[in-house]
Amino acid sequence: MAGSDGGLAGPNGGEDGATPLTARSVLASALLGEDPPELPVSHLVRLSGLFGISGNRARVALSRMVASGEATTDGAGRYRLAGHLLERQARQGEGLRGRTRPWQGGWRVVVVTAAGRSAEERTARRRRLVVARLAEQREGVWLRPDNLDLRPDPSEDPDLALFSAVPDEDPVPLAAGLWDLDGWADRAEVLRGRLETTVTVGPDDLSPGFALSAAVIRHLLADPLLPEELLGASWPGAALRDAYERWDRTYRRVLRAWGRAAGPA
């Protein structure tokens with residue numbers, strides 16, 4: 001469900017909803033889809049009910065999200081995203097828009113200069129570099145074309161060194177070796193087909209639509225956003241984004257109507 005800054009995304013959900021969504025993932029996803037990312041508890045509880053999640057479970061999950069810094073509450077029954085989920089919404093918006101800078105042929109290289117960290121810290125660092133859409137060429141050496149800002153910014157880590165470079169080799173096979181571009185493209189075509197054949201007309205369609213939206217958003221977050229020069233004319237990123245935008249407008253209309261018709265929680 002895309003607003004100006006994003007759509008539903010299942011932080012904990014399985015592939016296309018195959019694994020039941022937890023209360024936290026439903027609530028986080030609902031808030032991720034709003035701009036600003038804030039909803040009343042009554043709406044969140046009703047939405048959770050579409051997935052068989054009781055009102056008590058939903059409220060407990062909201063309390064835990066507040067305690068962990070993932071959400072805040074105004075004390076009057078409204079909840080708002082915070083912390084790393086708020087940062088995720090910004091990345092989600094970037095993935096949906098798919099905007100990049102003109103590419104001049106340069107690459108950004110990030111080198112791990114100190115590996116003497118705990119396993120937990122190393123895993124967290126890898127996660128940050130992947131989120132920044134960098135790919136690891138060999139252990140401790142990460143790179144990508146210099147056509148977008150790196151977020152989160154690797155320069156904030158004192159154990160990382162950043163360089164600019166231009167490969168001597170052909171960058172097209174280099175990019176294909178760093179990312180599974182064929183796999184991403186194949187999955188994008190499958191999702192686009194599902195968007196074009198999935199119709200949202202009433203409340204019974206909201207739950208499966210929620211799962212489909214989550215799958216699309218997850219996939220767009222994994223788009224490396226490479227320059228067109230490295231992808232070719234058949235790259236399906238723009239087509240998937242266009243299909244999702246059209247589908248989401250209808251889904252959101254049905255969701256708003258359902259929310260207005262529902263009684264108090």
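**Notebook: helix H3, the cores and strand S6**

I began just past the end of helix H3, where Gly-69 follows the helix and has a positive phi, near 85 degrees. I note here that I am working with a predicted model, and that my residue numbers count from 1 along the chain.

*Helix H3.* I then checked the length of the helix itself, which covers residues 55-67. At 1.5 Å a residue its 13 residues should span 18 Å, and because I find its end C-alpha atoms 18 Å apart, the expectation and the model agree.

Next I asked myself which residues of H3 are buried. I found Ala-58, Ala-61, Leu-62 and Met-65, and they lie on the same side of H3, because they cover an arc of only 100 degrees around the axis. I reminded myself of the general pattern: an α-helix has 3.6 residues a turn, so residues three or four places apart point the same way. On the face turned away from this buried side I noted the exposed residues Asn-56, Arg-64 and Ala-67. I also looked up what the buried residues pack against, and the partners are helices H1 (23-32), H2 (41-49) and H4 (83-97), together with strands S2 (71-73) and S3 (78-81).

*The nonpolar cores.* I turned to the largest nonpolar core, which has 58 residues, and saw that Leu-44, Trp-107, Leu-195, Val-216 and Leu-240 touch the most other members. Helix H9 (residues 237-261) gives this core its largest share, eight residues. Apart from this core I found another, of nine residues, including Leu-134, Trp-142, Leu-148 and Leu-150. Going back to Val-216 and leaving aside its neighbours within four places in sequence, I recorded contacts with Leu-191, Leu-195, Leu-240 and Tyr-244.

*Strand S6.* My last entry concerns strand S6 (residues 141-145), for which I wanted to know how many residues are buried. The count is five of the five, so the strand is largely enclosed by the rest of the structure. I followed S6 to strand S4 (residues 107-112), which runs antiparallel to S6 and is joined to it by five bridges; in this pairing Val-110 stands opposite Trp-142. Strand S5 (residues 135-138) also runs antiparallel to S6, with three bridges between them, and here Arg-138 stands opposite Val-141. S5 and S6 form a hairpin with two residues between them, and I noted that Gly-140 in the turn has a positive phi of about 85 degrees.

Note on methods: Predicted model: local features only at pLDDT ≥ 70, side-chain atom pairs only at ≥ 80, totals over all residues. Heavy atoms only, no water. Helix = DSSP H or I, 4+ residues; strand = E, 2+ residues; numbered from the N terminus. Expected span 1.5 Å × (residues − 1). Buried < 20%, exposed > 50% of the residue type's maximum accessible area, 1.4 Å probe, protein only. Arc of directions from axis to C-beta. Contact = heavy atoms within 4.5 Å. Core = buried A, V, L, I, M, F, W, Y, C linked by side-chain atoms within 4.5 Å. Pairing = 2+ DSSP bridges.
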